[in-house]
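Please look over the sequence and the 3D view below before reading on. The paragraphs that follow take up a helix, then some paired strands, and lastly the cysteines.

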Amino acid sequence: MAEKTFVDTVVSVNRVTKVTKGGKRFSFSAFVVSGDQQGNVGMGLGKSREVSSAIAKATTSARKNLISVSVRGTTIPYNVEGSHGAAKVVICSAYKGTGLIAGGAARAVMKAVGIRDVLVKSIGPSRCGQNLVKATLNALAKLRTAEHIAQLRDKSIESVVKGSHD
């Protein structure tokens, strides 16, 4: 079996300070999005005294927590919304050649999944990268393939795709 190639993107690195009796102790928290550009994506949080080991921990955590996303060509099957905390994300499918139109945190998720033609809009007061990533993953987790929807409704794939209004 061939080794999968993953795309890892560091969304944020934060310095955390713990005040103790002997003084201040600094550590780092890293948030990473990882995906194989084949429809699988995950996120991870790692904490350590050094930045590099925090990123390494976050990367291994992200690769352990992969979710599968339904992709149609270079875009998504249909428009979808997701939210986490105060962050709300709207993801719209786009025609081939449109490109990846998304902000920082959502863009990292879309690149990791392998989606190249999509429109992503962040709505709401939250600009927190972690919440935007979680909202984007929430939206992508709602996507279903035409085959899966047809199976749930006990219909043929053609009738689901055609959108029969009989």
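In this predicted model, a simple check can be made on helix H3, which covers residues 129-141. Its 13 residues, counted at 1.5 Å a residue, should span 18 Å, and because the C-alpha atoms at its two ends are 18 Å apart, the expected span and the modelled one agree. Several residues of H3 are buried, namely Gln130, Leu132, Val133, Ala135, Thr136, Leu137, Ala139 and Leu140. When reading such a list, it helps to recall that an α-helix has 3.6 residues a turn, so residues three or four places apart point the same way.

The strands can be followed in order along the chain. Strand S1, residues 7-20, runs antiparallel to strand S2, residues 23-35, and the two are joined by 13 bridges; within this pairing, valine 13 lies opposite alanine 30 of S2. The connection from S1 to S2 is a hairpin through 2 residues.

S2 also pairs with strand S3, residues 40-48, again in the antiparallel sense, over 8 bridges, and here valine 32 faces glycine 44 of S3. Between S2 and S3 the hairpin has 4 residues, and in its turn glutamine 37 takes a positive phi of about 60°.

What, finally, does a search of the whole structure find in the way of disulfides? The search finds 0 of them. As for the exposure of the cysteines, cysteine 92 has a relative accessible area of 23% and is therefore partly exposed, while cysteine 128, with a relative accessible area of 35%, is partly exposed as well.

How values were computed. Residues are numbered from 1 along each chain as its sequence is written. This is a predicted model: local features need pLDDT of at least 70, side-chain atom pairs count only at pLDDT 80 or more; totals for chains, interfaces and linings use all residues. Side-chain values use heavy atoms; hydrogens and water are left out. A disulfide is a pair of cysteine sulfur atoms within 2.5 Å. Buried means under 20% relative accessible area, exposed over 50%, partly exposed in between (1.4 Å probe, protein chains only). The expected span of a helix is 1.5 Å times one less than its number of residues. Two strands pair if DSSP finds at least two bridges between them.
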